[in-house]
Amino acid sequence: MSQPSTTLGYALFATRWLQAPLYFGLVAAQGVYVYKFFNELWNLILRCVTGQANETYVMLAVLKLVDVVMIANLLIMVIVGGYETFVSRIGLQGHRDQPEWLSHVNSNVLKVKLATAIVGISSVHLLQMFVDVHHTSQHSLLWGTVIHMAFIASAAILAYMSGPMAEHGDRSHKGHGPAQGQGGADGGCSASTSVPAEFSTSAAATRAPAPVSSPVPIPAQAADSYLSSSPYENSSYETGAETRIRAARFPSRKQLEEFDEDHPRDFDREVLARLGKLDFVAARRNVVFVGPPGTGKTHLAVGLGVRACQAGHQVLFATAAQWAARLTEARTAGRLAEELAALDAHPLLIVDEVGYTPFDADTAHLFFQLVAHRYERSSLIVTGDRPLGRWDEIFGGAAPAMVDRLAHHAEIVRLEGDSYRMRRATSAWAE
């Protein structure tokens with residue numbers, strides 16, 4: 001794309017900020033409804049205390065309060081969801097009060113939610129007419145019912161249309177299919193993996209990265225193998241947690257509860273229980289699992305990642321070799337700084353299999369930049385087969401500075417034991 005076209009496109013895209021004052025105007029309108037709510041509530045209390053309120057008045061007054069609340073809910077949905085969709089990201093990832101619906105909201109979903117909210121408000125208005133039917137003309141009742149049915153019909157049509165549109169978008173999302181790659185080296189407590197195209201690499205490529213003429217898009221639209229049997233696979237709706245789990249690109253879906261705590265010979269179960277509360281993510285601390293292959297490091301890392309997704313955090317998983325390929329491609333394209341900044345949207349990154357492949361000085365420096373960029377800003381989970389004191393064998397001269405930042409606010413979890421895979425293989429052979 002030519003420079004003038006790019007500049008013009010950016011300028012047009014920047015005009016979205018003209019909508020920002022509109023949403024702040026809606027905030028002021030919400031303040032008006034807050035005043036109206038408490039004014040109606042105060043009048044209701046006064047009339048009840050002075051004995052001037054009969055049952056019909058109380059019911060109508062309560063319905064008015066409900067009406068005001070529902071309109072306020074509609075406003076906040078438009079303010080937050082609309083601003084997030086059409087103006088700019090609000091950056092609520094990791095916030096404990098993040099609305100669940102916000103994680104999968106888009107213009108299509110927003111229209112359906114608005115339509116159903118309008119139907120609810122119309123229902124309250126119609127109910128008010130029926131309660132006060134003696135003071136409502138037949139003409140008002142007739143048109144109130146007709147208008148309410150029109151709202152219901154329009155909401156049903158929008159909901160029906162959103163199904164095929166969402167299904168088409170989901171097919172487009174999956175049309176980029178995953179690239180098949182080698183499974184995790186620590187898969188003793190994990191299933192075989194399907195490596196996304198954005199992370200696919202070879203050991204030779206990580207030792208001697210070469211410039212590429214056409215960088216792989218980051219992030220690529222890829223699906224994980226374990227999701228092929230997901231109950232949401234053929235549905236136009238996914239919960240926010242399932243969307244985050246899909247986007248994390250875990251090699252397999254593992255739960256902390258499934259981990260065999262009796263397998264490792266040396267394992268601190270109290271540490272795992274504490275990590276399972278995810279306080280380390282909110283505190284922007286790191287977790288490092290160290291142990292021989294097959295002791296369950298990847299299982300624990302994925303389990304914590306899945307639980308973080310369920311708690312509302314954005315997570316991204318990849319092996320060390322895959323992270324090396326991703327960072328190398330970003331550096332080659334001259335957008336390493338932008339890539340590191342984009343990863344800030346994920347409060348938790350998981351780097352698996354550190355130590356299985358040594359890196360050259362340039363790649364080691366990329367890892368240092370990743371760790372340094374996230375230092376005291378976001379969390380990392382790292383799994384490796386050797387203690388941090390031996391990371392010079394992997395990263396060379398960059399290891400001391402990297403370990404210093406990684407371990408400063410970190411929980412180091414040591415796992416000792418035989419390979420879980422070898423135990424299963426030996427047991428199967430014996431049978």
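These questions and answers deal with helix contacts, a surface patch and salt bridges in a predicted model.

Q: At roughly what angle do the axes of helix 11 and helix 13 cross?
A: Helix 11 covers residues 320-332 and helix 13 covers residues 361-374. Their axes come within 10 Å of each other. The crossing angle is roughly 95°.

Q: Is helix 11 roughly parallel or roughly perpendicular to helix 13?
A: The two axes cross at roughly 95°. Angles of 65 to 115 degrees count as roughly perpendicular. Helix 11 is therefore, relative to helix 13, roughly perpendicular.

Q: How many nonpolar residues are in the contact of helix 11 with helix 13?
A: On the side of helix 11, the contact includes W323 and L327; on the side of helix 13, it includes L366 and F367. By class, the contact has two polar residues, two charged residues, and nonpolar residues numbering seven.

Q: Which helix gives the most to the nonpolar surface patch?
A: The patch has an area of about 530 Å² and is made by I118, L142, W143, V146, I147 and F151. One of these, V146, lies in helix 5. With five residues, the helix that gives the most is helix 5.

Q: Which residue forms a salt bridge with R274, and where does that residue lie?
A: Side chains of opposite charge can pair when their charged atoms come close. In the salt bridge of R274, the closest N and O atoms are 3.1 Å apart, and the partner is E411. The pair links distant parts of the chain, 137 residues apart, with R274 in helix 8. The partner is E411, in strand 5.

Note on methods. Residues numbered from 1 in each chain as written. Predicted model: local features only at pLDDT ≥ 70, side-chain atom pairs only at ≥ 80, totals over all residues. Heavy atoms only, no water. Axes fitted to C-alpha atoms, helices over the stretch in contact; angles between N-to-C directions. Helix = DSSP H or I, 4+ residues; strand = E, 2+ residues; numbered from the N terminus. Parallel < 35°, antiparallel > 145°, perpendicular 65-115°, else oblique. Contact = heavy atoms within 4.5 Å. Nonpolar A, V, L, I, M, F, W, Y, C, P; charged D, E, K, R; others polar. Patch = residues over 30% accessible without salt bridge, like charges linked within 9 Å, V, L, I, M, F, W, Y side chains within 5 Å. Areas by Shrake-Rupley, 256 points an atom, 1.4 Å probe, with all protein chains shown as cover. Salt bridge = Lys/Arg side-chain N within 4 Å of Asp/Glu carboxyl O.
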